[in-house]
Amino acid sequence: MPFACPATDDFFRSRIDHMIDLRHPLAVLASRMPWQEIEARVAQVFSRKGRAGVAMPDLDLFGEQVQRSPVASNAGRPRVPLRIMIALLYLKHAFNESDEGVVARWADTPRWQFFCKRPANPC
């Protein structure tokens with residue numbers, strides 16, 4: 001009988017929801033959080049805003065610099081999904097972690113990855 005999800009065939013690509021206890025408080029909280037509503041309210045805070053620079057010749061030690069118009073660059077890193085940013089902020093606050101500590105602990109804790117909705121293998 002074939003598997004329901006082709007990703008379960010490969011041992012090294014098993015789904016995260018198969019690795020954790022879904023009765024754990026963080027897993028239950030992840031399913032009960034109103035993520036779409038939270039993302040909609042927070043999206044405006046994290047939206048990209050153009051900031052025009054203002055020349056301040058009195059404070060510039062190297063002389064007046066040429067002002068450039070802000071141009072969006074495709075060379076930057078792609079943005080992190082908003083759900084992951086919100087979830088990491090929650091975990092940082094709930095477990096009293098530093099920025100570096102929450103990222104390190106996220107990498108080692110499958111429950112945290114599930115809570116943050118780590119990108120999974122599509123079925």
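Trainee: What does the accessible surface of the protein chain come to, and how much belongs to carbon and sulfur atoms?
Mentor: About 10500 Å², with 56% belonging to carbon and sulfur atoms. Accessible areas here come from the Shrake-Rupley method with a 1.4 Å probe, and for residues only the protein chains shown count as cover. Keep in mind that this is a predicted model: local features need pLDDT of at least 70, side-chain atom pairs count only at pLDDT 80 or more, and totals for chains, interfaces and linings use all residues. Residues are numbered from 1 along each chain as its sequence is written, and side-chain values use heavy atoms, with hydrogens and water left out.

Trainee: What share of the residues is buried?
Mentor: 17% of the 123 residues in the protein chain. Buried means under 20% relative accessible area, exposed over 50%, and partly exposed in between (1.4 Å probe, protein chains only).

Trainee: How many helices and strands?
Mentor: 5 helices and 0 strands. From the N terminus the order is α-α-α-α-α. Helices (H or I, at least four residues) and strands (E, at least two) are DSSP runs, numbered from the N terminus.

Trainee: How much of the contact set is between residues 24 or more positions apart?
Mentor: 63% of the contacts with a separation of 6 or more. Contact means heavy atoms within 4.5 Å.

Trainee: On to the core. Which residues make up the largest nonpolar core?
Mentor: There are 12 in all: Leu-26, Ala-30, Trp-35, Leu-82, Ile-84, Ile-86, Ala-87, Leu-91, Val-102, Trp-112, Phe-115 and Cys-116. The largest share, 5 residues, comes from α3. Helices α1, α3 and α5 each supply at least two residues of this core. A nonpolar core is a set of buried Ala, Val, Leu, Ile, Met, Phe, Trp, Tyr and Cys residues joined through side-chain atoms within 4.5 Å.

Trainee: Why would nonpolar side chains be buried together?
Mentor: That is a general tendency in soluble globular proteins.

Trainee: Take Leu-26. Where is it placed, and what does it touch?
Mentor: Leu-26 is in helix α1. Its relative accessible area is 7%, so Leu-26 is buried. Leaving out residues up to four places away in sequence, Leu-26 touches Leu-91, Phe-95, Trp-112 and Phe-115. Leu-26 and Arg-111 are 85 residues apart in sequence, yet 6.8 Å apart in space, C-alpha to C-alpha.

Trainee: Which other residues of α1 are buried?
Mentor: Ala-27 and Ala-30, along with Leu-26; α1 covers residues 25-32. The buried residues span an arc of only 100° around the axis, so they sit on the same side of α1. That arc is taken from the directions from the helix axis to the C-beta atoms.

Trainee: And what does the face turned away carry?
Mentor: The exposed residues Pro-25 and Arg-32.

Trainee: What about Ile-86, buried or exposed?
Mentor: Buried, because its relative accessibility is 12%. Ile-86 is found in helix α3, residues 82-94. Not counting neighbours within four places in sequence, Ile-86 is in contact with Trp-35, Ile-38, Glu-39 and Val-42. Ile-86 and Cys-116 are 30 residues apart in sequence and 8.2 Å apart in space, C-alpha to C-alpha.

Trainee: Val-102 is on the core list too. What is it in contact with?
Mentor: Leu-88, Leu-91, Lys-92, Glu-97 and Trp-112, with neighbours within four places in sequence left aside.

Trainee: New topic. How many salt bridges?
Mentor: The count comes to 5. A salt bridge is a side-chain nitrogen of Lys or Arg within 4 Å of a carboxyl oxygen of Asp or Glu.

Trainee: How far apart are the closest N and O atoms of Asp-17 and Arg-15?
Mentor: 2.6 Å, in a salt bridge. Asp-17 is partly exposed at 22%, and Arg-15 is partly exposed at 23%.

Trainee: And Arg-41 with Glu-37, how are they placed in α2?
Mentor: They are 4 residues apart in α2 (residues 35-46), so about one helical turn separates them. Their closest N and O atoms are 3.6 Å apart. Arg-41 is exposed at 64%; Glu-37 is partly exposed at 47%.

Trainee: What does the side chain of Arg-105 meet?
Mentor: The side chain of Glu-97, in a salt bridge at 3.1 Å, N to O. Arg-105 is partly exposed at 33%, and Glu-97 is partly exposed at 21%.

Trainee: Last one. Where does Thr-109 lie?
Mentor: In the loop between α4 (99-108) and α5 (110-115). Thr-109 is buried at 19%. A polar atom of its side chain lies 2.7 Å from the backbone oxygen of Arg-105.

Conventions. A polar contact is a pair of N or O atoms within 3.5 Å; within protein, one must be able to donate a hydrogen and the other to accept it, and residues adjacent in sequence count only if both atoms are side-chain atoms.
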